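Biologist: I am new to reading protein models, and I would like a close look at how helices pack. Could you walk me through one part slowly?

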Amino acid sequence: MVFQAVRPPRLSDAIADQIRDLIYEGALPPGTRMPSERELAERFDTSRPTVRSALAKLDSEGLLQMQRDGLHVNDPMADNTAVSLTALYEGRPERFDDYLEFRLIIEREATYFAALRATTVDRDNISRCFEKLMELHEQSDAGSEAQADADFHLAIYEASHNMTILHVMRGMAGLLRNDVIHNRSRLHPRTGYHELNGQQHRAIYDAVMAGSPDAARAAAHTHIALVREFLDEMQKATDRLETSLRRMASKAQLGQPDSSDLPPPLGPEKD
């Protein structure tokens with residue numbers, strides 16, 4: 001048996017590991033501005049060159065990105081996921097229901113686990129997001145409300161304490177926000193949708209805050225299913241209209257009279 005010398009890990013590697021864990025756990029979300037080298041050196045009780053080496057390692061992994069005002073946390077999944085999904089859905093609106101079906105699955109389970117696992121800190125965060133959402137809901141500000149809507153769902157993903165769900169959905173954050181904005185702009189004018197949407201968000205919030213995972217899962221299912229149902233109805237109405245327009249255009253090209261140009265049907269002959 002051959003034994004090899006055991007060397008303690010480099011301090012810079014240990015610092016990089018700790019920061020990496022904080023990023024993956026969501027404690028340092030994408031966009032967060034990192035403290036300066038001096039501040040980090042003080043917090044870790046080490047030298048600035050050691051901190052610089054740790055940050056350089058994280059930068060090479062794509063977890064940090066230099067901007068004008070310093071280093072910021074980057075989500076390496078975000079760009080790749082967003083680009084791939086944009087290419088998948090671009091020009092193929094029929095595939096968008098696949099995304100909604102995916103969200104239906106994720107929302108149900110993420111909300112279930114959020115109700116089961118949310119900490120006091122998570123609940124405070126969800127409450128802040130929900131209160132902001134309801135405030136904008138009352139103002140009927142569709143654009144700002146859509147942003148608050150996406151933030152509320154991201155808070156639920158964080159509270160699920162499932163790293164895969166959190167980072168996949170964070171990577172899809174742009175698509176999620178676009179989905180919410182797109183759907184809200186189309187569905188907002190629909191009779192009853194705005195009120196139902198507010199009620200469903202409250203049902204999700206109440207179930208998570210009460211720690212009722214089964215109720216939370218059911219509320220999330222109802223919420224996404226409603227969006228799919230309304231959008232499906234709208235798509236069918238659009239398809240019917242397009243069919244009618246094509247029929248009219250075809251008749252015009254063939255020189256056939258439109259039904260509105262025909263004389264009224266003759267009534268029964270009178271004696």
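Modeller: Happy to help; what follows is a walk through one helix pair, then a second pair and the core. Please keep in mind that this is a predicted model.

Let us start with helix 1, residues 11-25, and helix 3, residues 48-60. Two packed helices are described by the angle between their axes and the distance between the axes. Here the angle is about 50 degrees, and the axes are 8 Å apart. Helix 1 and helix 3 are therefore oblique to each other, and their crossing is right-handed. Which residues of helix 1 make the contact? They are L11, S12, D13, I15, A16, I19 and R20. On the side of helix 3, the partners are T50, V51, S53, A54, L55, K57 and L58. Sorted by class, this contact has 8 nonpolar, 3 polar and 3 charged residues.

Now try the pair of helix 5 and helix 8, where the axes come within 11 Å and cross at roughly 140 degrees. This crossing is left-handed. Helix 5 brings F102, R103, I106 and A110 to the contact, while helix 8 brings I165, V168 and M169. By class, that makes 6 nonpolar residues, no polar ones and 1 charged.

Finally, the core. The largest nonpolar core has 20 residues, and I126 is among those with the most contacts inside it. Helix 5 is one of the helices that supply at least two of its residues, and helix 6 gives the largest share, 6 residues. Among the residues that I126 touches are F152, I156 and V208.

Note on methods:
Residues are numbered from 1 along each chain as its sequence is written. This is a predicted model: local features need pLDDT of at least 70, side-chain atom pairs count only at pLDDT 80 or more; totals for chains, interfaces and linings use all residues. Side-chain values use heavy atoms; hydrogens and water are left out. A nonpolar core is a set of buried Ala, Val, Leu, Ile, Met, Phe, Trp, Tyr and Cys residues joined through side-chain atoms within 4.5 Å. Buried means under 20% relative accessible area, exposed over 50%, partly exposed in between (1.4 Å probe, protein chains only). Helices (H or I, at least four residues) and strands (E, at least two) are DSSP runs, numbered from the N terminus. Contact means heavy atoms within 4.5 Å. Axes are lines fitted to C-alpha atoms, for helices over the stretch in contact, and angles run from 0 to 180 degrees between N-to-C directions. Angles under 35 degrees count as roughly parallel, over 145 as roughly antiparallel, 65 to 115 as roughly perpendicular and the rest as oblique. A crossing is left-handed if the near helix is turned anticlockwise from the far one by less than a right angle, and right-handed if clockwise. Ala, Val, Leu, Ile, Met, Phe, Trp, Tyr, Cys and Pro count as nonpolar, Asp, Glu, Lys and Arg as charged, and the others, Gly among them, as polar. Lists of a residue's contacts leave out its neighbours within four places in sequence.
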